[in-house]
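Grab a pencil and open the structure viewer. Below are a few exercises, each with a solution worked out in steps.

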Amino acid sequence: MSSSAILRKFFTSVSPGSYALPLSVLGIVETFTNQLKNPRHFSGSGGVVHNFRVIQRGKSVFESVSSAIPSRRWMPSRLTRIVGVSALVMVAALVTGFVIWHRSPADLGSANAQTHAELLQHWRAGDVVVLVRHAERCDRSSNPCLGPADGITQLGSQSASAVGQGFVRLGMAQTDVFASPVTRTEQTAHYMFGKEATNQEWLASCGKTLRDDVIAHKVAHRNTVLVTHSGCISDFEVQTGFKHAKASEYSSSLFASIGTDGQLKVLGVLNADDWHSLLSDKALK
């Protein structure tokens with residue numbers, strides 16, 4: 001089996017869209033191997049062949065001599081083939097590694113109607129847990145601060161309020177809200193829902209048990225909103241199969257569903273500026 005056939009068999013055996021190798025790389029591999037199988041001909045200057053013929057016409061005998069320069073075919077050496085194919089396989093591996101390295105949860109802002117409908121179905125069933133990153137923090141921004149210095153900015157409070165309105169549109173009747181006991185997360189939760197959230201220390205410490213802690217605090221048939229930190233969201237993503245997800249944005253929301261059997265499924269990420277795409281969906285109306 002050729003190297004390109006082996007690569008195509010491997011990459012088409014994995015789930016589409018997750019670890020797919022760009023077709024351009026496979027095309028390069030196939031083109032190269034086809035060239036090795038069918039090398040080009042070119043004329044050479046050596047190896048002249050002479051053909052002799054004796055021709056008799058009546059009593060006369062003629063001797064005919066013709067010369068020809070046969071075409072020569074370039075044949076790559078074994079080492080050339082090995083080096084060439086190895087280089088292409090290395091390129092394929094690097095491209096694949098790049099795709100896998102940046103694998104993140106689905107972007108709900110650009111998701112289709114079916115994905116939005118699935119999320120809304122889980123929300124109405126009370127199966128959803130949402131990890132919300134706090135709004136823009138004062139100590140890492142030049143924007144005016146609400147105060148104190150370890151809190152969020154005025155711009156951040158506006159963003160938190162807009163995200164909170166999005167949750168209100170989804171429906172908060174069967175939803176519990178918890179926050180990390182840090183000023184910036186407490187302020188974010190307050191501007192989201194207009195009231196104080198219940199503080200939970202484990203939303204600040206996070207770590208290797210975060211996924212289990214989230215499941216343990218989820219009440220059946222009630223949604224849970226957790227206002228926490230980017231590091232905690234990263235811990236959760238690592239523990240749910242997204243080891244190299246990009247860092248969460250301010251006021252972004254990571255949605256996951258937890259069934260009555262405790263099975264967790266990450267639904268995707270909705271950034272603060274993308275709520276309109278979900279709220280404008282026909283399934284919400």
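**Exercise 1. Two helices meeting**

Which residues in α8 meet which residues in α9?

*Solution.* Keep in mind that you're looking at a predicted model. Start on the α8 side: Leu-210, Arg-211 and Val-214 make the contact there. Their partners in α9 are Cys-232, Asp-235, Phe-236 and Gln-239. Now sort the residues of this contact by class, and you get four nonpolar, one polar and two charged residues.

Next, work out how α8 and α9 are oriented. Helix α8 covers residues 210-217 and helix α9 covers residues 230-239; their axes come within 8 Å and cross at roughly 95 degrees. Angles from 65 to 115 degrees count as roughly perpendicular, so α8 is roughly perpendicular to α9.

**Exercise 2. Finding the core**

Find the largest nonpolar core and say which residues have the most contacts inside it.

*Solution.* This core has 28 residues. Inside it, the residues with the most contacts are Phe-167, Leu-170, Met-192, Phe-255 and Trp-275. Then ask where the core residues come from: α4 (113-125), β5 (128-133), α5 (154-170), β6 (175-179), α6 (183-193), β8 (223-228), β10 (264-270) and α10 (275-279) each supply at least two. The top contributor is α5, with four residues. Don't stop there, though: a second, separate core has 20 residues, including Leu-210 and Val-266.

**Exercise 3. A helix under cover**

How many of the residues of α6 are buried, and what do they pack against?

*Solution.* Count first: eight of the eleven residues in α6 are buried, so the helix is mostly covered. Now name them: Thr-183, Arg-184, Thr-185, Gln-187, Thr-188, Ala-189, Met-192 and Phe-193. These buried residues pack against β5, α5, β6 and β8. Finally, look just past the helix, where Gly-194 follows with a positive phi near 75 degrees.

**Exercise 4. Spotting unusual backbone**

Hunt down a cis peptide bond and two residues other than glycine with a positive phi.

*Solution.* First, a reminder of the usual picture: most residues other than glycine have a negative phi, and most peptide bonds are trans. The cis bond runs from Gly-147 to Pro-148, with omega near -5 degrees. Pro-148 sits in the loop between β5 and α5.

For positive phi, try His-221, at near 65 degrees. You'll find His-221 in the loop between α8 and β8. The other one is Ser-251, with phi near 60 degrees, in the loop between α9 and β9 (253-258).

**Exercise 5. Neighbours in a loop**

Is Ser-251 buried or exposed, and how does Tyr-250 compare?

*Solution.* Use the cut-off: buried means under 20% relative accessible area. Ser-251 has 2%, so Ser-251 is buried. Tyr-250 has 27%, so Tyr-250 counts as partly exposed.

Tyr-250 also lies in the loop between α9 and β9. Leave aside its neighbours within four places in sequence, and Tyr-250 touches Arg-133, His-134, Ala-135, Glu-136, Arg-137, Arg-140 and Ala-272. Its C-alpha atom is 8.3 Å from that of Ser-230, 20 residues apart along the chain.

**Exercise 6. Zooming out**

How many helices and strands are in the chain, and what percentage of its residues count as buried?

*Solution.* Count ten helices and ten strands. Of the 285 residues, 38% are buried. For the surface, the chain exposes about 16400 Å², and carbon and sulfur atoms supply 55% of that.

How values were computed
Residues numbered from 1 in each chain as written. Predicted model: local features only at pLDDT ≥ 70, side-chain atom pairs only at ≥ 80, totals over all residues. Heavy atoms only, no water. Core = buried A, V, L, I, M, F, W, Y, C linked by side-chain atoms within 4.5 Å. Buried < 20%, exposed > 50% of the residue type's maximum accessible area, 1.4 Å probe, protein only. Axes fitted to C-alpha atoms, helices over the stretch in contact; angles between N-to-C directions. Parallel < 35°, antiparallel > 145°, perpendicular 65-115°, else oblique. Contact = heavy atoms within 4.5 Å. Nonpolar A, V, L, I, M, F, W, Y, C, P; charged D, E, K, R; others polar. Areas by Shrake-Rupley, 256 points an atom, 1.4 Å probe, with all protein chains shown as cover.
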